[in-house]
Amino acid sequence: MTQSVIVQVGQCGNQIGCRFWDLALREHASVNKNGIYDESIGSFFRNVDGRHDDPADIPVGTGTGKIKSLKARAVLVDMEEGVVSEMMKGPLGEVFDCRQLLTDVSGSGNNWATGHHLYGTQYKEQISEVVRRAAEFCDCLQCFFVLHSMGGGTGSGVGTSILGLLEDEYPDVYRFVTAVYPSSEDDVITSPYNAVLAMRELTEHADCVLPIENQALVDIVNKISQAAPPTRPGKRVFSEHAVKPDSALSTGAGGVVKDEKPFDQMNNLVANLLLNLTSSARFEGSLNVDLNEITMNLVPFPRMHYLIASQTPLFCSADVKMPPRRLDQMFTDAFARDHQMVRADPRHSVYQACALMVRGDVQLSDIRRNIDRLKPNLHFVPWNQEGWKTGLCSVPPVGQPRCLLSLANNSCIHQTFSEIRDRFSKLYKRKAHLHHYNQVEGMDSGQFADSLESLTSVIEQYRDLETAMNQPVVAEPRLKVFS
Amino acid sequence: MSKSNHVRGVIELFCKVLLENKVSHLRAETLRQAKFNNELAIEPLWELLHDIICYCDGKSPNGKECRVTFNKTAAAVERVKSQLQKWGYLNPGLSQLPVDMSYGSRQLLLAVGWVVHSQKLFDQVISKRTNPLYQHLLTFIETRSKTPELEKSPPESHRSTVSSKEELQKQLVLCGKLQLSLRRLFAVQQEMAKITRSVHMYTKGVNLQPELDHLTTLEVYLLRHPGAMKHMLEELEQDNEQLKHLLDWKDKEHIFWQWLDSVLDLSIQEGDPQQTLLSLEEEELVYLPVPSTIGRDIDAARTELREAILKHEEDIERMEQIVFRKSQKVSQVEREVTTMLMDRDLVQLSSRLASCGIGPTLSAGASTLLAEESQQEQSAEEEAAPLSSSRFKFQLQSERSIKAGKLNILTNAVNKKTEALRERVEDLEETLRQMQLQNLEQLQQLVNQNTDVICILPRHFKGLLNT
Amino acid sequence: MSLITLQLGQCGNQVGGQIFSTLVDDIFAKSTGLSNKENQAYMQSSLEKFFTQRETAGRDGSSSLPMARAVLVDMESKAISHTLQQAKKSGRWTYCAKRSYHQKRGSGNNWAHGFCVHGPKSHEDVMDLVRKEAEKCSRLGGFVSLMSLAGGTGSGVGAYITQSLRDEYPHSFILNQVVWPYTTGEVIVQNYNAVLTLSHLYDTADALVVMENDTLHKICNQLLAIKNISFEDINRVIAHKLTSVLQPCVSDSAGGGQMCDLGSMLEHLVPHPQHKLLTIKNIPQMSDVAREFSFHQWSGLIKNLRQMLIANAPMEEGINWAIKPSSRTASGHTCFNRSLSSLVVLRGKDANSVDPFYFTDSSIYTPWMPSDMTCCVARQPRLFCEYEKSAALVSNSRASVQPLNRIIDKAWTMFSTRAYVHQYLKHGMTEEDFLDSFVSLEKVVASYDNL
């Protein structure tokens, strides 16, 4: 069993991370009723003997030892203290070891250059040390999950410098990045600059990126709350589509942290995404999909590693009878625009590859049936007409009997990128706010042009796929044997 | 009379032994008929000779392997004759016998007797016998089960019009099958080896044969299958009988030879024309005809051989020339190396001499002078047309001698100088001694003048004074 | 004569577990159709072939259950531990727990990762395990490797291990059972993996038994009437097919009455070095419930089987009876499924008296094959898996090349855009390796077309 380390950078990253650990504990608590420290929980947590000052790691061994005290395999980085210290004060604080934190006081001021060049170089040694410590506790480290936002300064700047560091020091370990892209109504003016500069790093150094748009998350949360109005005390709500209380994807009920904060519901969605992504690697099933298989199958060309994620079902109806159409509905929804984490329309674009990770009570024949059903409506590249990867994990998620996570390498993502690029160009043409960036040591103005060019090339690559979609296919003739 | 009974018995024993040991079929009657030059005995005796030859050689006279049956042709008869001649039976009586087997059975009988004795037939027979207990398990089982040998019919060639491509495919198939069968055979062999080993291991300590310390697989098999044991008993009894016959023969051999003696006497008595010595031409006739072309063949072979030898000699000479030339070329490099070494030595020498203060100062240029001279010679050689080796040698020698000469001059000069130095040293020593003496005398005088001065001389000075 | 099974990758391990289960079911079956003594002989020889058995329970508490002669290899530990557990649960047989080798990290569906990285790393240890298992056999009949073509471990590590097996045991017989993935894939790069594996296996293995997931799925669906088909059902079908051929039987060929071992079967089936793909067809195949109520005649079974062969039908329903050996396409080519050679195994009541003349007919075979080498029949009067009469046909025919053709097509299309190739190059492969594989497989396809 392999282990993964979560690196949460910046305010947004840490908030998502906080929700993630909460939900992870909840999930393992529901699966692991006896409190045994086995390999699946070991992929995210260490079992330590809390009595000592520097807690020693208790290995899995025969897989029958009880949990003494869990510590998360995480690295928390923030240039402001607020979020991290609040988390440490809360009930989740016990899961973290203060040696895993790295904080500063002043923040990055929404400046990618400050984050990347100034803090990146200043704290390089310390970050490397913390990461190394976390990595050493792992028996077999398979991947790093980096959580950060693209609009801010710390998340994008420090996050991407950490990414570069991870590539240098651990070239064999996969780097999955969950990046939150700024929406157009973002209140940070320089967010396009930060996003584009960070994009270049992601294209170069990450193995796989799951872009997430805030607006999409908001839409999903709204959808859920429409279907499941919060119960008002004293009133019993009857509804045809009554929803089971803790089945919604965006709820944190049942976790350790009791008060819900703003953005929590949205962050829960992202946390669930990560849990579902790693479920097949952690739990057993008839078709296991490991994380390296995801990169292998979904990334045909090195730079086109942006995967659109979508999860279904969003909530679980309390209806006792569950006709099988619901199951199929789950599959159909996964390809609908409104369940995705990115607001882009996949139906009219070209898929290069698509992975379906199913959890829970689904049979192989159901999956195949649905694939056959959905295929005619989706466009795939001509050389990958059957570009489906399926994974089946037998452990269902908390609160739902089954769920589906679909990861698609679809060319419609270029629309999202184009929007960002347009916003960037608007600012860059007038050279607004550039002096903030150029002031920072290590930054030169050529980097803007380079990043723009890198982003443009990625957009071009995706767009070429779309243009090629409608053209007739010229197949290269096969090798012939002289007879 | 009893003697003839004995003879009859012995002759029958002779035939029985030959039969049991798979040498030849023979009827006793034939031998007796042969004594009296009976025609009926001729063919069987030729066959007997042929069989004996096969038995002794393992090959039939025409060189092919093993038991070819005698096919009663002239060629076969000639082959028998030639084989007997090879063995050393030069009796013209046999060789004169006609190939159409019309007469001469007595001669054949005598020939048989000679062959049996000279080739030690019965010794061979005895040595080829084996103990049935030592045979391999599989052969035993085969003889026991008596399965008829599967007649493998050759594979049908069903399509006469088979294209080469198809033929190729077919061959590939057969080849593949052979390979796979080989592998199976290998696997089976390995298994057999393993099992044999385990049998040997499990029966350690028990043995029926003195030189082993375990039972053989055959023995184990016999122990487990009583039916087989019976069969083995039968075989052993048979073997026993045959051995008894052989023993018997050994005892009664002398009777056989006495009988053959009588045959010989009879033939001499009857004045077989073959017994007289023949004149040379007749002798020549007697010996087997030699192919008529043999004279020509021999001459042709001889000229070929001569030509080949000449050619080789030429080749060898050419190679020697090439080697010389090569050595010349190589000696250019060698020359440079030797000049360098010589330079070094000369410089050392001159420095040593110079440190003594005298001696010719030889510079490095000396050796290059030598080199230049020899180089000129070298180029002169190369311009010339193909040269004989003797000239090469002369050239080489001359260079060497020049070098040696120059070296000689140097060494002479060095010797002279060293001698001069030695003389000088001697002179100096002499003067030193003189001066010592003078000083001592002066000292003595001084001592004598001042009486209150006591002078103690070291011992060796005392000696000096006195001399 | 013993066979050692190598279970490689997740699929291989799952199939292996199922195979041994089926074997045990068959060996200890209740209705055998034979006298006790003859059954004993059958059981003995079958146990000898696939299991090692200790007479009494060992002192260290190890059981006296039959232990499968198997080596389990996977790069992740999940599949192996699951299989070991399943075996223990059944209570009737077990694996030797020490004969498994696993790593922590999988191969990630990457053939290059399996072949170039994991293969050499695990070489020593796996060969060690194989050697230990081989020493326990008094006569090593051969190796049966179970793997799938789509994944990274089964295909990549499998190809490497087969090569090492061939190096270490050059005279042994190696049979590879490959599971062909679903056409609408399980894994996106399965075509690359399949092409690379097959080209390597062709050089080192003696024969490749092809099991297509699509076909097996159809069999489960239509014949066995299973509603929700899981991988377990498919594995059961695979196990049934393989064991119906490998269980002891007596061959008819010259020297009559010899036990048919793997070597003689292979000698008969794959003499030609370019034709190594075999398919297995079984008849009848029914669910347990239907079996009790059905009754077949040998003539019917054999006729159906032959038509299944000629028309290349995977099962006894939906056979196209119109295709005959004499049928020709418009251009005059033969359009039925011509075979190079075939092996018919008849098991059950009266098996000894059936005349398989349908199969010795030389018109269904390729013309240049000598007619006495085309068909080999093996019989076993004991019932197999409680089927009253059952027949299995192993054939080396043109049909095996169709799925191969499809896969090469798709892989080539993908390769011409160089998609995913960087993932393979990252681990030490070059584009030449890809091209070499394509070339060798094209040759195979061409030689099969010429049949």
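Here is a short tour of the contacts between chains, the domains of chain C, a helical stretch of chain B and some unusual backbone spots. Please keep in mind that this is a predicted model. A good place to start is the contact between chain C and chain A, which takes 34 residues from chain C and 35 residues from chain A. From there, we can move on to the other chains and then to single residues.

**Where the chains meet**

- On the side of chain C that touches chain A, the elements giving two or more residues are α3 (78–90), α13 (401–416), α14 (421–425) and α15 (431–449) of chain C.
- The biggest giver on that side is α15(C), with five residues.
- Sorted by class, the side of chain C that touches chain A holds twelve nonpolar, 16 polar and six charged residues.
- Chain B and chain C also meet, in a contact with 21 residues from chain B and 19 residues from chain C.
- There, the side of chain B that touches chain C consists of eight nonpolar, four polar and nine charged residues.

**Domains of chain C**

- Chain C is assigned domain 1 (2–55 + 63–251), domain 2 (282–398) and domain 3 (402–449).
- Taken over C-alpha atoms, the centres of domain 2 and domain 3 of chain C are 33 Å apart.

**A helical stretch in chain B**

- An unreviewed UniProt entry annotates residues 411–445 of chain B as a "coiled-coil region".
- In the model, this span of chain B is 100% helix and 0% strand, and 51 Å separate its end C-alpha atoms.

**Backbone spots worth a look**

- As background, most peptide bonds are trans, and most residues other than glycine have a negative phi.
- In chain A, a cis peptide bond links A:Thr312 to A:Pro313, with omega at about -15°; A:Pro313 sits in the loop between β10 (308–312) and α11 (324–334) of chain A.
- In chain C, C:Ile283 and C:Pro284 are joined by a cis peptide bond with an omega of about -5°, and C:Pro284 belongs to the loop between β11 (277–283) and α10 (288–292) of chain C.
- A:Asn110 is not a glycine, yet its phi is positive, at about 55°. You will find A:Asn110 in the loop between β6 (101–103) and α4 (112–122) of chain A, and A:Asn110 counts as buried because it has 23 C-beta neighbours inside 10 Å.
- A:His433, also not a glycine, has a positive phi of about 65°. A:His433 lies in the loop between α13 (413–429) and α14 (434–439) of chain A, and with 14 other C-beta atoms within 10 Å, A:His433 is partly exposed.

Terms used: Residues numbered from 1 in each chain as written. Chains lettered and ligands numbered in written order. Predicted model: local features only at pLDDT ≥ 70, side-chain atom pairs only at ≥ 80, totals over all residues. UniProt positions renumbered as here; feature names shortened; annotations may be inferred. Helix = DSSP H or I, 4+ residues; strand = E, 2+ residues; numbered from the N terminus. Contact = placed C-beta atoms within 7 Å. Nonpolar A, V, L, I, M, F, W, Y, C, P; charged D, E, K, R; others polar. Domains from an automatic or database assignment. Buried ≥ 20, exposed ≤ 12 C-beta atoms within 10 Å, placed from the backbone.
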